[in-house]
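This report describes one protein chain for a reader who has not met it before. Please look over the sequence and the structure first.

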Amino acid sequence: MRNTWPPKIIFGVLAILGAALALSAHFEPYFPGDLPVTLLFQSIHSQPLVNAMKGISYVTGDWRGAILVIVSGIIFWRSLGKLEGMALILSGVISTINEAFKIVIGRPRPVADLVNVFVVETGKSFPSGHAFMAVVVLGMMAYLIITHQTKHYLKVLTASVFTVFILWVGASRIYLGAHWMSDVIGGYVIGSLFLALEIWLYQQLKLRFVNRGYKQG
């Protein structure tokens with residue numbers, strides 16, 4: 001049977017929700033609830049927590065994120081196969097699309113008059129590039145690892161660990177005053193749409209290779 005995951009309804013829901021968030025963000029500098037959530041996050045203050053939030057944002061941002069993708073792609077290529085390595089590299093390329101959304105939507109970042117800005121970022125705010133990248137890249141990593149696992153507990157462990165990291169990335173952007181909660185949610189939603197598309201493409205290519213007797217290596 002031909003693999004048709006994910007169902008069209010998933011694409012539709014993610015696309016509609018992402019478009020609604022993007023349109024609203026274009027007209028509103030922040031949503032109701034954004035400011036209270038940031039202030040709540042930042043009320044839990046300690047230097048180790050600040051360092052942990054800065055650390056995860058640093059590792060997944062800018063050129064560091066690109067290096068993470070390239071190194072991971074090589075590892076996946078050698079350990080799981082060429083298609084898996086290429087899929088991971090593609091996820092890194094897809095994550096750069098986020099900048100186009102930011103330019104079109106043009107939402108300003110949080111300002112020091114409203115929240116503590118621990119990390120000063122340039123560019124626009126919606127959607128969060130870190131959140132987008134985390135879902136697309138880390139989500140693809142998790143999917144590839146899970147699909148190559150045979151033991152259920154390892155699948156659950158992998159999903160749990162990657163989910164924690166993805167949520168940590170988003171929380172760090174709010175805590176550091178670099179993004180509003182709605183920016184992070186927007187990054188998760190739009191990133192999930194592209195992740196779903198990438199998984200669908202991977203499955204179609206994998207199916208073709210299997211049907212043609214293609215062996216990776």
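Which residues form one aromatic cluster? Phe-101, Phe-132 and Phe-194 do. The model is predicted, and the report starts from this cluster, then turns to the helix that holds one of its members, the cores and the overall fold.

## Aromatic pairs

The count of aromatic pairs comes to 6. One of them joins two members of the cluster: Phe-101 and Phe-194 stand edge-to-face, 6.2 Å from centre to centre, with 75° between the planes. Phe-101 belongs to helix α6 and Phe-194 to helix α9 (residues 181-211), so this pair ties together parts that lie 93 residues apart in sequence. Phe-101 is partly exposed, with a relative accessible area of 27%, whereas Phe-194 is buried, at 17%.

Tyr-143 and Tyr-202 make another pair; their ring centres are 6.0 Å apart and their planes are at 90°, so this pair is edge-to-face. Tyr-143 sits in helix α7 and Tyr-202 in helix α9, so the pair links parts 59 residues apart in sequence. Tyr-143 counts as buried, with 19% relative accessibility. Tyr-202 is buried too, with a relative accessible area of 6%.

The table sets out the two pairs.

| Pair | Centre to centre | Angle between planes |
|---|---|---|
| Phe-101 and Phe-194 | 6.2 Å | 75° |
| Tyr-143 and Tyr-202 | 6.0 Å | 90° |

Two rings have an arginine over the face. Arg-64 lies over Tyr-58, at 3.8 Å from the ring centre. Arg-107 lies over Phe-31, at 4.5 Å from the ring centre.

## Helix α6

Which residues of helix α6 are buried? In this helix, which covers residues 98-105, they are Asn-98, Lys-102 and Ile-105. The three cover an arc of only 80° around the axis, which puts them on the same side of α6. An α-helix has 3.6 residues a turn, so residues three or four places apart point the same way. On the other side of α6, Ile-103 and Val-104 are exposed.

The buried residues of α6 pack against three helices: α1 (8-27), α5 (82-95) and α7 (129-147). After α6 comes Gly-106, with a positive phi near 65°.

## The nonpolar cores

How many residues does the largest nonpolar core have? This core has 27, and Met-140, Met-141 and Tyr-202 have the most contacts inside it. Helices α4 (62-79), α5, α7, α8 (152-175) and α9 each supply at least two of its residues. The helix that gives the most to this core is α7, with 11 residues.

Leaving out residues up to four places away in sequence, Met-141 touches Ser-72, Phe-76, Leu-88 and Phe-162. Apart from the largest core lies another core, of 16 residues. Ile-94, Phe-126, Leu-193 and Ala-196 are among the residues of this other core.

## A buried loop residue

Is Leu-176 buried or exposed? Leu-176 is buried, with a relative accessible area of 0%, and its place is in the loop between α8 and α9. Between Leu-176 and Lys-54 there are 7.4 Å in space, C-alpha to C-alpha, although the two are 122 residues apart in sequence. Not counting residues up to four places away in sequence, Leu-176 touches Gln-42, Val-50, Met-53, Lys-54, Ser-57, Asn-116, Val-117, Phe-118 and Val-119.

## The whole chain

The protein has 9 helices and 0 strands. Along the sequence, its pattern reads α-α-α-α-α-α-α-α-α. The radius of gyration is 18 Å, close to the 17 Å that the globule rule gives for 217 residues, so the protein is as compact as a globular protein of that length. Taken along the principal axes, the C-alpha atoms fill a box of roughly 60 × 35 × 30 Å.

What share of the 217 residues counts as buried? The share is 43%. Among contacts between residues at least 6 apart in sequence, 81% join residues at least 24 apart. The contact between Leu-176 and Lys-54 joins residues 122 apart in sequence.

Conventions: Residues numbered from 1 in each chain as written. Predicted model: local features only at pLDDT ≥ 70, side-chain atom pairs only at ≥ 80, totals over all residues. Heavy atoms only, no water. Buried < 20%, exposed > 50% of the residue type's maximum accessible area, 1.4 Å probe, protein only. Helix = DSSP H or I, 4+ residues; strand = E, 2+ residues; numbered from the N terminus. Arc of directions from axis to C-beta. Contact = heavy atoms within 4.5 Å. Phe/Tyr/Trp six-rings, centres within 6.5 Å; stacked < 30°, edge-to-face > 60°. Lys NZ or Arg CZ within 6 Å of the ring centre and 35° of its normal. Core = buried A, V, L, I, M, F, W, Y, C linked by side-chain atoms within 4.5 Å. Rg over C-alpha atoms; globule rule 2.2 N^0.38 Å.
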